[in-house]
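Biologist: Please take a close look at the metal site of this model. Then set the site against the rest of the chain.

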Amino acid sequence: MPLICPKCRSGRVEARDVGKKTGSALGVIAGAAGAATGGAALGAIAGGPAGAVLGHLAGTLMRALVGGATGCAVGAALGEVVDENILANHHCLNCGHRFRLKRAE
Ligand SMILES: [Zn+2]
């Protein structure tokens, strides 16, 4: 779908994706932090003190990776919604006009 600036009708339009980029960055941090905390708790429940240490190390690493990736995807999806609905996501390279895409209803 070609994008056209509503002001000058130029086709030189780019998506800014501010919310998407911010969302995925925040999602990685939130996902990794939340998942790492959960990994330590699970290790403690499963194997007592020794298990807690091993569980913490292995669980933290694995869960941080998985949680970070999941958080990134979730954050990017949320950011995309913010971009399209709240922020003026599109930027005309010709006249500098910022605008939102009108959704077909
Ligand atoms: Zn324009």
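Modeller: The site of the zinc ion is tetrahedral, with angles of 107 to 113 degrees among its 4 donor atoms. For comparison, the ideal angle for four tetrahedral donors is 109.5 degrees. This is a predicted model, and the values that follow are computed from it.

The protein donors are the SG atoms of Cys-5, Cys-8, Cys-92 and Cys-95, which lie 2.3 Å from the zinc ion. Along the sequence, the donor residues follow the spacing C-x2-C-x83-C-x2-C. Cys-8 belongs to the segment before β1 (13-15), while Cys-95 sits in the loop between β2 (90-92) and β3 (98-99), so this pair ties together parts that are 87 residues apart in sequence. Cys-8 is partly exposed, at 30% relative accessibility. Cys-95 also counts as partly exposed, at 37%; both values fall between the 20% limit for buried and the 50% limit for exposed.

Another pair of residues links the two ends of the sequence. His-90, in strand β2, is 87 residues from Leu-3 in sequence, yet their C-alpha atoms are 9.0 Å apart in space. His-90 is buried, with a relative accessible area of 4%.

In the segment before β1 there is also Arg-9. Its phi is near 65 degrees, a positive value in a residue other than glycine. Most residues other than glycine have a negative phi. Arg-9 is exposed, with a relative accessible area of 64%. A second positive phi belongs to Asp-17, near 55 degrees, again in a residue other than glycine. Asp-17 is placed in the loop between β1 and α1 and is partly exposed, at 23% relative accessibility.

As for the rest of the chain, the secondary structure comes to 1 helix and 3 strands, and the pattern read along the sequence is β-α-β-β. The protein has 105 residues, of which 27% count as buried.

Helix α1 covers residues 18-85. Two C-alpha pairs show which parts of the chain come together here. Gly-23, found in helix α1, is 51 residues from Val-74 in sequence, and the two are 7.9 Å apart in space, C-alpha to C-alpha. Gly-23 is buried, with a relative accessible area of 13%. Ala-64 also lies in helix α1; its C-alpha atom is separated by 6.7 Å from that of Ala-33, 31 residues away along the chain. Ala-64 is partly exposed, with a relative accessible area of 22%.

The structure holds 1 salt bridge. It joins the side chains of Glu-80 and Lys-20, with an N to O distance of 3.9 Å. The cut-off for a salt bridge is 4 Å, so this pair is counted, at 3.9 Å. In general, side chains of opposite charge can pair when their charged atoms come close. Glu-80 is partly exposed, with a relative accessible area of 38%, and Lys-20 is partly exposed as well, at 31% relative accessibility.

Val-18, Val-82, Ile-86 and Leu-87 make a nonpolar surface patch of about 300 Å². Of these residues, Ile-86 is placed in the loop between α1 and β2. Ile-86 counts as exposed, at 61% relative accessibility.

Finally, confidence. The protein averages a pLDDT of 81, and 82% of the residues score at least 70. Confidence is highest in β2, at 91, and lowest in helix α1, at a mean of 79. For the metal site, β2 is the strand that precedes the loop holding Cys-95. The C-alpha pairs of Gly-23 with Val-74 and of Ala-64 with Ala-33 should be read alongside the lower figure, since α1 is the element where confidence is lowest.

Terms used: Residues are numbered from 1 along each chain as its sequence is written. This is a predicted model: local features need pLDDT of at least 70, side-chain atom pairs count only at pLDDT 80 or more; totals for chains, interfaces and linings use all residues. Side-chain values use heavy atoms; hydrogens and water are left out. Donors are N, O and S atoms within 2.8 Å of the metal (3.2 Å for Na, K and Ca); water is not among the atoms, so sites may look incomplete. Four donors count as tetrahedral if all angles lie between 85 and 135 degrees; four count as square planar and six as octahedral if opposite donors are over 155 degrees apart and all others between 65 and 115; anything else is irregular. Helices (H or I, at least four residues) and strands (E, at least two) are DSSP runs, numbered from the N terminus. Buried means under 20% relative accessible area, exposed over 50%, partly exposed in between (1.4 Å probe, protein chains only). pLDDT is the predictor's confidence in each residue, from 0 to 100. Patches are made of residues with over 30% relative accessible area and no salt bridge: like charges are joined within 9 Å, nonpolar side chains (Val, Leu, Ile, Met, Phe, Trp, Tyr) within 5 Å. Accessible areas come from the Shrake-Rupley method with a 1.4 Å probe; for residues, only the protein chains shown count as cover.
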